[in-house]
Amino acid sequence: MGTAAIRKIIHVDMDAFYASVEQRDDPGLRGRPLAVGHAGKRGVVAAASYEARTFGVRSAMPMSTALRRCPELTVVPPRFEVYRTVSRQIRAIFADYTPLIEPLSLDEAYLDVTANLRGIPTASATAAEIRARILEETGLTASAGISYNKFLAKLASDHRKPNGQFVVTPAMGEAFVADLPIARFHGVGPVTAAKMNRLGIFTGADLRHQSADFLQRHFGKSGPWYHAIAHGEDDRAVIPDRPRKSSGSETTFAEDLTDTGAIEAGVQAMADEVWAWCEKAGAFGRTVTVKIKYADFRQATRSRTLSAPVREQARLRQVGIELVRSVFPPVQGIRLLGVSLSNFADDAPDPTPQLDLQLPA
């Protein structure tokens, strides 16, 4: 394909996936605020239904906080084997349209349908057919973003959630980015957004007005990427079954954590997300790393390399909690926690986990 050819990329994102599966399988849960997770003292929300989200309940939130915000919240334990089965069904539907499928998690993926297997003339019609088939075959709704690159497709999939789709055409790309608040950009975390705000950058249009040199000076190797996406440009290909050297998950909390039980619950939630990917991928690593970011943005990491790969969810949780306990009592509130597993079996040692870090300058 020549450089002038326009790609057709779809980002498919299931709507409140875990919670929607539970509501599908138990009609008594439909229309009610629902959290997937464990209701115990150290339980954490793995997923929240849209009804629960209206109360401010979000994934990775301590369950005690969720229940305070929404006393009528129904809590059900996660059934990862069911979620993985549904994810495989959805992946099989994708494969009817393109071999170029890049899964991001159990519930979202990029598809390159530039040359789709069904000969459907537009990517929009392809996305509509895929979403209709997902609904028919799984009883679940999906949202989709359609564009000429991955960055815009992912942004577009949030635009009509839930159960909708949105197209960003090449003619719309720059204007679509220009109007967006910088914090909405995928890959721009809270720390980077705050730094951009201090530099007078609040929207995509503000970002586009900065030179590549200015952005590189202030944001280092990320500068060229920010310059490109401000102009609606992203040349990354959809890469099927990309080999990964680590699996990581992290979250920034709405309020800094100081209670040790809540901190351990946060680590447990991140470990469970990592484990869900490891089981799906059949990839098991030996090095567990916990990342901690304090209220003043100082960071600390704690790692342990085991003699054998971690092959049980409880073991990953245990090591993660032991690692975070090494910083107890915390010197100040913790705003972010991350857990990663690396040094996969059959890999060369890889002591540097590939977490999606948002580092302060």
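A helix here is a DSSP run (H or I) of at least four residues, and helices are numbered from the N terminus. With that in hand, let's work through some exercises on this predicted model.

**Exercise 1. Place Ala52 and describe its surroundings.**

Step 1. Start with the secondary structure: Ala52 belongs to helix H2, which spans residues 50–53.

Step 2. Next, is Ala52 buried or exposed? Buried means under 20% relative accessible area. Ala52 has 0% relative accessibility, so it counts as buried.

Step 3. Now list the contacts, setting aside neighbours within four places in sequence. Ala52 then touches Pro33, Leu34, Val57 and Leu73.

Step 4. Finally, try a distance between C-alpha atoms. Ala52 and Glu72 lie 20 residues apart in sequence, and their C-alpha atoms are 9.4 Å apart in space.

**Exercise 2. Find out how covered helix H1 is.**

Step 1. Helix H1 takes in residues 17–25.

Step 2. How many of its nine residues are buried? The count is seven, so H1 is mostly covered.

Step 3. The buried residues of H1 are Phe17, Tyr18, Ala19, Ser20, Val21, Glu22 and Gln23.

**Exercise 3. Characterise the residue annotated as "active site".**

Step 1. Look up the record: an unreviewed UniProt entry puts the annotation "active site" on Glu108.

Step 2. Where is Glu108 placed? Glu108 is in strand E6, residues 108–112.

Step 3. Check the accessibility. The relative accessible area of Glu108 is 17%, so this residue is buried.

Step 4. Collect the partners, not counting residues up to four places away in sequence. Glu108 touches His11, Val12, Asp13, Pro103 and Lys154.

**Exercise 4. Classify the packing of H10 on H11.**

Step 1. Helix H10 covers residues 212–219 and helix H11 covers residues 223–230. Their axes are 7 Å apart and meet at an angle of about 135°.

Step 2. Apply the cut-offs: over 145 degrees is roughly antiparallel, and 65 to 115 is roughly perpendicular. The angle fits neither class, and therefore H10 and H11 are oblique to each other.

Step 3. For the handedness, H10 passes H11 in a right-handed crossing.

Step 4. Which residues meet? Ala212, Leu215, Gln216 and Phe219 come from H10, and Gly223, Pro224, Tyr226 and His227 from H11.

**Exercise 5. Repeat the analysis for H12 and H13, then look at Thr260.**

Step 1. Helix H12 (residues 260–281) packs with helix H13 (residues 313–325) at an angle of about 140°, and the axes are 9 Å apart. That angle makes H12 oblique to H13.

Step 2. The contact involves many side by side partners, including Ile263, Val267, Ala271 and Trp275 of H12 and Leu316, Gly320, Ile321 and Val324 of H13. The crossing is right-handed.

Step 3. Thr260 lies in H12. At 33% relative accessibility, Thr260 counts as partly exposed.

Step 4. Beyond neighbours within four places in sequence, Thr260 is in contact with Phe328 and Pro330. Thr260 and Arg325 are 65 residues apart along the chain, with 8.3 Å between their C-alpha atoms.

**Exercise 6. Decide where to read the model with caution.**

Step 1. Take the overall confidence: the protein chain averages a pLDDT of 89, and 93% of the residues score at least 70.

Step 2. Where does pLDDT stay under 50? This happens over residues 347–361, for which the model has 38 contacts beyond four places in sequence.

Step 3. Where pLDDT is low, predicted coordinates should not be read in detail.

Terms used: Residues numbered from 1 in each chain as written. Predicted model: local features only at pLDDT ≥ 70, side-chain atom pairs only at ≥ 80, totals over all residues. Heavy atoms only, no water. UniProt positions renumbered as here; feature names shortened; annotations may be inferred. Helix = DSSP H or I, 4+ residues; strand = E, 2+ residues; numbered from the N terminus. Buried < 20%, exposed > 50% of the residue type's maximum accessible area, 1.4 Å probe, protein only. Contact = heavy atoms within 4.5 Å. pLDDT = per-residue confidence, 0-100. Axes fitted to C-alpha atoms, helices over the stretch in contact; angles between N-to-C directions. Parallel < 35°, antiparallel > 145°, perpendicular 65-115°, else oblique. Left-handed = near helix turned anticlockwise from the far one by under 90°.
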